[in-house]
Each structure stands twice: as C-alpha cells, then as structure tokens.
Amino acid sequence: MEQKYAKLIFEDEGKEILLPIVVGTEGEKAIDITRLRRDTSYITIDPSFANTGACYSEITYIDGERGILRYRGIPVEDLVEKTSFIETAYLLLHGKLPNPDQRSKFSNLLNVNSMLHEDMRHFFDGFPRGAHPMHILATMINALSTFYPNVDALSLSEHIDLSAARLISTVRTLAAFAYKKSVGEPVVYPRHDLPYCANFLNMMFDSPVAPYEIDEEVVKILNVLLILHADHGQNCSTTAVRIVGSAQVNLYSTISAGISALSGPLHGGANQAVMEMLRKIEKDGNVQKWVDKAKDKNSNFKLMGFGHRVYKTYDPRAAITKKQCHEFLKKMKIKDSLLDVAMELENAALKDDYFISRNLYPNVDFYSGIIYRAIGIPENMFTVMFALARLPGWIAHWKEMVDGDNKICRPREIYIGKPLRRIED
Ligand code: CMC
C-alpha cells in the first residue's frame, strides 16, 4: 500500500515536515512520530496518554465508538458462548484457540503448578487483620520473585505456557487462601480432578464441616466473568506491566505492578466501589440525588461503574454482564435489591443530558459485582477476581513486548519548574 503522510507545519520557523501515517487492521489511523525529536527537536505532550498509541499489538481490538471488543479477532460475545476461561487464556497467549491436545497439556500444566511453595503459606500470617486482599495479592506475587528469581524476560520468552500456567494457577490458589485466612477457616488445597473455575470455587467454599457442592451454573457464569475481564488493550494495569517489564524486570514483580495498578478505584477497584455506592443509594432511597451529586463539579463523587476512556457507547462487557446477571439470578432464584437500585440508577443517568452529552455509559464493573455477590464472593475479593481474570492479558502483552523490539519505556516531559538559579538566590 502506498505510504501516506501527515504534514506538520512549524509556523514560527517557516518549516514543515512529513510524518508517516500508519493504519491498523481495522482502519485505525495514527501518526508515527518516532523520528520527530531527532528531525525537529520537538516532542509531543499528552498527559494521561489519551491520544498516545504506546505500541503495536495483535492481541485485542477495541472500537470504543461502536462498542466492539475482540480477542485475537474473535468477538468476546462468541468467546463467552463457546469457550472456557482457560481456552480464552490460551487464545490470548498464542493467537489461536487450543486443539484438544494443547488444551489438555495446558490444563495439566495448570494442575502441576497449582500448589503454593509451602514456605509462602507462612507469609499470610504477617499481614494485619483486615488487610485488603489486593494488597496481599500484590505483595505475595512480588514475593514469588524471590522463589523464582530467574523468571525474567530473556530466559522465559520460550516457556510462556509454563510461566503463564504457574502464574494463573498460583494466583488462583493465593486468592482462595487469602479468603480462607480472612474468614478464619482452614485452607483447601487445589484438586487435580477439577477444571479451573470449579477448582477455584471449591478452594473458596469447601470446608471440613460443610462440603461444597459444585453447581455447573455457577461454574459457567464464573467462566463468563473471567473471559470478559481477560484483556482490554493498553489499560492502566497492562501499561504498568509493559512499562515495568520493559526494564527486564522479573515477571512476578512485573505482574505485581499490574495488580497494584488494577487495585485503584478508577480501574479494577471500581467493582467493589460500585457495590459500596449501590448500598449507600439503597439506604438513602433517593437515586436522583446521587445522579445530581455525580454531576456536581464541587463534589468528588462519580458514578462508579460509569464512564470509560475508550468506550463512548455502551461497554460491550457491561451489556453481557447485565443480561447474564438477570438470567443467573433468575435461574438461581436469587432476589437482590441492589440489582433494582443499579437498574434505576442506570435509567436515571442514561436519561440525563450530563451523561448523554459526555457519552457516559455503564462499564464492565457496573453489574459484575452483583453476580459475584450471588456466587458468594465477598466484596473485598471482587478486584482480586478481576486480577485473576486479567492475568492472561498481562502475560500476553508482556510476551508480545519481550518478543518484539524490547526497548525500555521512558517518556519525556516538558519542564515548567524554576529556571536556573543559585543557592543564594
Ligand atoms: N460520573 C460522573 N462524571 C463522570 C464520570 C462518572 N463516572 N466519568 C466521567 N465523568 C465526566 C468527567 O467529570 C468529565 O466531565 P467534564 O468534561 O465536565 O470535565 C467527563 O465525564 C469526561 O471524563 P474524564 O474524566 O475525562 O474521562 P477519563 O477517560 O479520564 O476517565 C474513567 C475514565 C473510567 C476513569 C472515569 O469515567 C471514571 O472515573 N469512572 C468511574 C470509575 C470507574 O467506573 N472505573 C472503571 C473503568 S472500566 C474498568 C477498568 O478500567 O478497570
């Protein structure tokens, strides 16, 4: 295809340069500025990266205007219908869904790597009572780097299945152990005879006095939620993973950085914040008051689970979780008053000019918590569930970066501080 250019005119200096235009598979356009500073001494400035493409990627396509999300070209709607989380994880890592042989080898790797190093169990005792599971998880994953110090970019790019399986499996075990510790119950070890999601549910809810009965509907909905969260392009935590990983940091420490980024309420932490908000609104009984508060520029309050940097229409993940939430609660004969509050809030916001004019719609976090609650997962574990789900995405991006032109990420800045001055000034 013929190379097209964008012309950049420097009016003051009376010069102009041509910058190459690059076009993605789906017609997304960008201006390649990689030679800009060398050729002109200028840099670009884009705090919070709203207009910056940080990399080329083959993993996930998002069209924020049309509400499209595809992993490796496959619509997420099809993946939730026809695959398990583990198959989707494999797809993200390898670019194709596994055949039966690859599926069984990957499952086997997940099984043999599901145990925590026994010494790590004692670490749990050092955390204060009430510590947030996301902080425990980030710390524990970082601690894994001391058990596997050589898991770095160069040594592991060829053994991606092993490192991915170890992480995906260990985080599941860590998450369930953290929960058991928080409720003062003995931990339940992983079982090789159970598939990934059923195994997790069993580790969470089985107890010596009340054996857990695995319900296939619960397993199914958990697979759906994990698939929906499995990747989302260059979001804050994935960017953290790419940036930290670009310094050739140990993979576990790199993932720990992603988990820390995800814990914030503007990112993955929103799923817990949504539930806290819905409960407050239910107690107050006045939905419109909270919609007005979210519009008030003098208030810090935002509608949690609303708005998105990329989606300017209904988040396709929210559309799926909303539908699945209704169907699941009906099947399980669960009545949750918070679902009524959520729907009332959504209706009020979507009728309001403030939200309409800013293209603010429910995002993935708006309905997911109500499903987690119905499964029995406590609120402070919601963001841990997000982290568990996002692991394949983080690892796939890390691998893509390692296998590519792995230069250290190092943005510049425009210094606006004091000009040169002396100590005595
Ligand atoms: N409630 C009220 N107003 C909002 C909201 C909201 N939830 N979100 C954005 N706005 C307003 C914002 O104040 C701004 O108004 P104005 O133009 O008058 O200054 C306008 O909409 C544009 O918003 P922005 O802050 O420039 O958007 P952003 O792309 O920087 O932020 C966001 C995106 C997701 C951080 C933000 O929408 C938000 O804080 N939402 C609530 C938290 C949330 O649900 N986070 C989960 C995101 S999806 C899952 C994930 O990434 O993990």
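Let me begin at the ligand, where a polar side-chain atom of K297 lies 2.9 Å from an oxygen atom of the ligand. Please keep in mind throughout that what we are looking at is a predicted model.

K297 has company here, since H267 also places a polar side-chain atom 2.7 Å from a ligand oxygen, and in the side chain of K302 there is an N or O atom at 3.2 Å from an oxygen atom of the ligand. How much of the ligand does the protein bury? Taken alone, the ligand exposes 950 Å², and the protein buries 74% of that.

If we now widen the view to the surroundings of the ligand, we find 22 residues, of which H267, L303, G305, F306 and R309 come nearest. You will notice that H267, which I named a moment ago for its polar side-chain atom 2.7 Å from the ligand, is also among these nearest residues. Sorted by class, the shell around the ligand holds 11 nonpolar residues, together with six polar and five charged ones.

Let me turn next to the empty spaces in the protein, taking the second largest pocket before the cavity. This pocket has a volume of about 630 Å³, and its lining is made up of 31 residues, with T83, V219, K220, N223 and V224 lying nearest the centre. Which helix gives the most to this lining? The answer is helix 9, with seven residues, and in the sequence helix 9 covers 216-228. Other helices that each supply at least two residues include helix 2 (76-82), helix 4 (100-112), helix 8 (196-205) and helix 14 (316-331). As for the classes, the lining of the second largest pocket has 13 nonpolar residues, seven polar ones and 11 charged ones.

The cavity makes a useful companion to that pocket. The count comes to one cavity of 30 Å³ or more, and the volume of the largest cavity is about 40 Å³. Its lining consists of F124, P133, I136, L137, L174, A175, A178 and V384, and when these are sorted by class we get eight nonpolar residues, no polar and no charged. Helix 5 (133-147) and helix 7 (160-182) each supply at least two residues of this lining.

I would like to finish with the strands, and one general point will help us here. Strands of a sheet pair through backbone hydrogen bonds, and they may do so in a parallel or an antiparallel way.

Strand 1, residues 5-10, pairs with strand 2, residues 15-23, in the antiparallel sense over six bridges, and within this pairing F10 stands opposite K15. The two strands form a hairpin with four residues between them, and G14 in the turn has a positive phi of about 60°. Strand 2 then pairs with strand 3, residues 29-31, again in the antiparallel sense, over three bridges, with V23 having K29 as its bridge partner. Strand 2 and strand 3 also form a hairpin, this one with five residues between the strands, and G27 in its turn has a positive phi of about 85°.

There is also an open sheet of three strands, in the order 4-5-6, with antiparallel pairing. Which strands lie at its edges? They are strand 4 (60-63) and strand 6 (74-75), each of which pairs on one side only. Strand 4 is joined to strand 5, residues 68-71, by four bridges, and T60 has Y71 in strand 5 as its bridge partner.

How values were computed:
Residues are numbered from 1 along each chain as its sequence is written. This is a predicted model: local features need pLDDT of at least 70, side-chain atom pairs count only at pLDDT 80 or more; totals for chains, interfaces and linings use all residues. Side-chain values use heavy atoms; hydrogens and water are left out. A residue is near a molecule or strand if one of its heavy atoms lies within 4 Å of it. A polar contact is a pair of N or O atoms within 3.5 Å; within protein, one must be able to donate a hydrogen and the other to accept it, and residues adjacent in sequence count only if both atoms are side-chain atoms. Accessible areas come from the Shrake-Rupley method with a 1.4 Å probe; for residues, only the protein chains shown count as cover. Ala, Val, Leu, Ile, Met, Phe, Trp, Tyr, Cys and Pro count as nonpolar, Asp, Glu, Lys and Arg as charged, and the others, Gly among them, as polar. On a 1 Å grid over the protein atoms alone, a cavity is a set of points where a 1.4 Å probe fits but cannot get out, and a pocket is an open set with protein on both sides within 12 Å along at least five of seven lines; lining residues have an atom within 4 Å of a point. Grid points are joined across faces, edges and corners, and a volume is the space filled by probe spheres set on the points. Two strands pair if DSSP finds at least two bridges between them.
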